[in-house]
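Reader: I should like to learn how to read the features of a structural model. Please take me through this one.

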Number of protein chains: 2
Amino acid sequence: MKLEEMQIEEIAQEIISLYHEKKYSQIKEIFSEMNPTDVAGLFEEFAPERQVLFFRLLPKEEAAETFVELDNDTQEAIIRAFSDTELREVLDELYLDDTVDIIEEMPATIVKRILKNTDAHTRDMINTLLKYPEDSAGSIMTPEFVDLKRNNTVEDAIKRIRRTGVDKETIYTCYVTDESRHLIGVITVKELLLHDNDDRIEDLMEEKVIYINTHDDQEKAADLLIKYDFLALPVVDMENRLVGIITVDDAMDVLQDENTEDIQKMNAIVPNEKPYLKMSVFETWKSRIMWLMFLMVSATFTSLILNAFENKLSAMIVLTSFIPMLTGTSGNAGGQASAVIIRAISLKEINYKDIFKVMWKEFRVGLVCGLTLAAVNFVKIWLIDRSLFGMDGITIKVDLVISLTLVIEIIFAKMVGCAFPIIAKKLKFDPAVISSPFITTVMDALSLLVYFWLATAILHI
Amino acid sequence: MKLEEMQIEEIAQEIISLYHEKKYSQIKEIFSEMNPTDVAGLFEEFAPERQVLFFRLLPKEEAAETFVELDNDTQEAIIRAFSDTELREVLDELYLDDTVDIIEEMPATIVKRILKNTDAHTRDMINTLLKYPEDSAGSIMTPEFVDLKRNNTVEDAIKRIRRTGVDKETIYTCYVTDESRHLIGVITVKELLLHDNDDRIEDLMEEKVIYINTHDDQEKAADLLIKYDFLALPVVDMENRLVGIITVDDAMDVLQDENTEDIQKMNAIVPNEKPYLKMSVFETWKSRIMWLMFLMVSATFTSLILNAFENKLSAMIVLTSFIPMLTGTSGNAGGQASAVIIRAISLKEINYKDIFKVMWKEFRVGLVCGLTLAAVNFVKIWLIDRSLFGMDGITIKVDLVISLTLVIEIIFAKMVGCAFPIIAKKLKFDPAVISSPFITTVMDALSLLVYFWLATAILHI
């Protein structure tokens with residue numbers, strides 16, 4: 001049963017007409033046949049006052065699962081309408097990392113109500129989690145994991161899972177700790193099920209544990225989960241005590257956010273986590289104006305170069321016609337190289353020691369691309385621009401200047417495009433700040449210098 | 001124990017010196033203390049002839065896990081050096097989807113050897129998997145899952161997992177099928193462990209099963225796994241029979257590949273799955289030249305526009321100095337909008353019905369960005385370009401033409417940048433083909449037209 005875009009809207013229509021006919025039990029039935037994630041998607045189609053009403057029609061066990069998937073505005077509206085009892089019922093079913101995620105997005109009054117309706121122990125844990133820096137591993141972990149002792153048997157372990165597992169975000173990876181809560185091993189439920197009841201955990205557990213620190217970046221956690229194909233990654237505090245786990249679904253979300261952030265940076269946008277449609281015009285402006293302004297002002301260099309060669313341009317105005325083509329092509333060529341290198345750095349395929357290997361390769365790629373484009377361009381200008389469109393002032397020498405500029409500027413563009421992100425990374429900047437627009441601006445100036453230098457040398461203007 | 005980049009190189013050095021001293025047992029010990037993924041990373045530091053030798057020092061159970069993580073060249077070298085017995089030992093330990101992945105990358109002689117060394121049943125399954133179209137869900141699924149019957153009890157189920165689980169890629173999600181192998185329900189090991197031994201599967205199983213078809217795109221599988229936070233997704237054939245599952249680790253890989261592909265397309269590169277350092281100069285050239293060529297030739301429009309206004313430019317050569325700034329800024333503004341919209345489409349945040357909402361928003365963002373930039377630019381040209389750098393020919397009217405062009409071109413750029421990807425998607429093209437370089441080329445021509453139109457109107461040239 002796969003619910004596509006169109007169906008969601010149809011179901012929403014259906015529910016609203018059932019609501020007008022007061023056929024609430026039929027609405028309940030529709031909800032109970034859907035996956036909570038889809039129910040949450042459905043809720044976005046309803047007006048706020050109906051969201052609360054419909055939420056109360058959800059089967060108890062699905063209400064919390066649906067709640068987690070709702071967007072923040074809907075969550076807030078529903079909490080406001082909730083009685084304390086209703087709020088407690090939902091909170092009891094949530095995993096702690098989800099509760100913390102919700103708290104982080106709610107206004108202070110709602111946060112107070114949430115904390116008032118949780119028990120003292122849970123409140124303590126929430127407060128601890130809230131203290132971890134944003135984007136840290138600690139901020140996305142959950143303290144709800146299965147912990148075992150080394151002298152447990154497989155039977156003990158399975159009993160413990162059966163007793164406590166209902167509240168754990170995952171039971172499939174269990175962590176073995178010593179008396180001081182230090183992490184000493186890890187064992188999967190698969191291992192447990194495939195061994196005899198009286199085998200001992202310490203003989204079965206994997207002692208080569210890969211873990212992360214609470215203060216490490218969440219991106220590192222996601223990278224480790226992907227690299228090692230784990231379902232969960234243990235998180236330890238400064239004293240190496242196990243304090244939480246990060247599950248693979250959270251890692252996926254981090255990964256998607258990081259990818260979005262990279263794409264934003266690569267296009268000269270200050271990263272912003274909000275979905276596009278939720279951002280105000282002012283917020284959108286704020287995320288875009290800084291780079292646009294910086295790049296516009298940086299273009300002063302190209303204006304000065306053009307101004308300096310003003311007399312030469314007047315003498316041979318046809319040279320102007322090819323400026324956008326030349327700057328455009330070098331910007332594109334450089335942008336290709338920087339995008340590929342930024343991605344390769346982010347996938348850990350290359351690092352600083354590869355810089356000469358990379359530059360040598362880009363030199364050759366630039367040379368071949370430059371020669372190919374120059375050849376096509378040479379013929380195109382002669383046959384199309386000059387003969388077909390009758391553009392004035394094109395001579396063989398002019399054509400040569402333009403085509404030679406292409407070869408040189410493309411080699412430069414590839415070298416600049418590949419070297420800048422690697423150097424940025426080395427200097428501890430995010431390589432993705434070397435955006436295509438930035439490369440374009442640098443290449444505009446460089447290309448014009450090459451163009452005028454060649455024009456002076458060959459055309460003697 | 002986290003192994004960072006530097007350590008890997010140090011360990012490789014250590015192993016090579018131990019090898020020269022013939023201390024093989026110490027090498028074995030180092031390997032056994034490392035995670036197979038890290039051992040594979042280590043192998044890339046060794047020369048090919050040593051890779052085979054070192055591979056034989058791996059503990060049996062870890063050899064296969066390491067093998068899967070090696071790059072294709074190393075895998076090929078090792079298989080070539082293997083005896084049939086050694087090959088069979090590794091193949092027996094591999095999950096079928098991994099075997100298929102390896103086969104797809106190997107030359108025909110190696111494929112023959114692999115198939116010769118698998119039993120008839122496995123060979124049949126491999127051949128079936130190989131037949132699914134590239135990038136389809138079928139091509140990344142594995143047929144090794146736990147299947148249960150509706151009248152099983154929890155105890156039966158756990159027994160079945162214990163008996164057959166060792167060969168299954170995941171045991172944590174079990175699938176309930178009827179006599180004709182149709183998928184009728186799904187149950188997790190967590191559910192099994194939390195219920196009594198004599199509870200019946202049909203009373204516990206989730207009947208709202210989300211599944212995918214073998215011929216659906218693998219990207220859809222990854223999207224579903226993320227959306228619903230599943231550990232595995234069932235795959236059914238045309239007759240709705242359960243034929244395989246896709247696990248979350250494979251979905252993560254698909255996701256990363258798709259993100260890489262989007263970044264490549266957004267920067268005018270023909271997508272290529274090979275890691276950067278594995279691509280030859282010719283392959284790199286091939287992936288980049290097509291778009292560079294197309295965009296270069298498209299720039300003929302800008303050349304023609306400039307040529308048409310040649311006389312006006314001669315009359316007021318200062319106008320030329322600001323062409324790269326104007327085209328650059330409109331390209332950047334349009335690139336920002338298209339990148340954000342392409343990403344939002346790929347994250348399913350917006351679709352066709354949002355086009356007017358999006359355009360209205362981008363109109364306002366463009367207006368505010370345009371006004372901000374124009375104001376700064378107006379002052380900058382007057383005080384810096386004219387007074388400080390003494391650029392000739394700048395008058396208030398010239399300054400006005402340039403600044404007004406900014407406002408209009410930025411609004412155009414934002415509208416073009418947001419509308420093109422949505423329309424491309426509607427026309428069943430990949431929105432990411434609307435690359436920033438493409439937007440830049442379109443905006444170059446549009447900006448020049450606006451510029452000359454304003455210059456003619458205001459400066460009467």
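Author: The model is predicted. One may begin with a single side chain: leaving aside neighbours within four places in sequence, F55(B) contacts F43(B), A63(B), F67(B), L70(B), I78(B), F82(B) and V90(B).

Reader: Which residues touch the most other members of the largest nonpolar core?

Author: F55(B) is among them, together with F31(A), F55(A) and F31(B), in a core of 124 residues. A second core, separate from that one, has 98 residues, including F322(A), F309(B), I317(B) and V407(B).

Reader: How should the packing of two helices be described?

Author: Two packed helices are described by the angle between their axes and the distance between those axes. In chain B, helix α4 (residues 48–55) packs against helix α6 (residues 72–81) at about 65 degrees, and their axes lie 9 Å apart. Because angles of 65 to 115 degrees count as roughly perpendicular, α4(B) is roughly perpendicular to α6(B).

Reader: Is the crossing of α4(B) and α6(B) left-handed or right-handed, and which residues meet there?

Author: The crossing is right-handed. From α4(B), Q51(B), V52(B) and F55(B) meet T74(B), A77(B), I78(B) and A81(B) of α6(B).

Reader: How does one read the relation between the chains?

Author: Two copies of a chain are related by a rotation about an axis and a shift along it. Here, chain A is superposed on chain B by a rotation of 180 degrees with 0.0 Å of shift along the axis, at an RMSD of 0.1 Å. This is the relation of a two-fold axis. Within chain A, S314(A) has the C-alpha nearest the axis, 3.1 Å from it.

Reader: Why can one say that the copies meet through the same surface?

Author: Of the interface residues of chain A, 100% are also interface residues in chain B, so the copies meet through the same surface.

Terms used:
Residues are numbered from 1 along each chain as its sequence is written. Chains are lettered from A and ligands numbered from 1 in the order in which they are written. This is a predicted model: local features need pLDDT of at least 70, side-chain atom pairs count only at pLDDT 80 or more; totals for chains, interfaces and linings use all residues. Side-chain values use heavy atoms; hydrogens and water are left out. A nonpolar core is a set of buried Ala, Val, Leu, Ile, Met, Phe, Trp, Tyr and Cys residues joined through side-chain atoms within 4.5 Å. Buried means under 20% relative accessible area, exposed over 50%, partly exposed in between (1.4 Å probe, protein chains only). Contact means heavy atoms within 4.5 Å. Copies are superposed by least squares on the C-alpha atoms of residues with pLDDT of at least 70 in both. Axes are lines fitted to C-alpha atoms, for helices over the stretch in contact, and angles run from 0 to 180 degrees between N-to-C directions. Helices (H or I, at least four residues) and strands (E, at least two) are DSSP runs, numbered from the N terminus. Angles under 35 degrees count as roughly parallel, over 145 as roughly antiparallel, 65 to 115 as roughly perpendicular and the rest as oblique. A crossing is left-handed if the near helix is turned anticlockwise from the far one by less than a right angle, and right-handed if clockwise.
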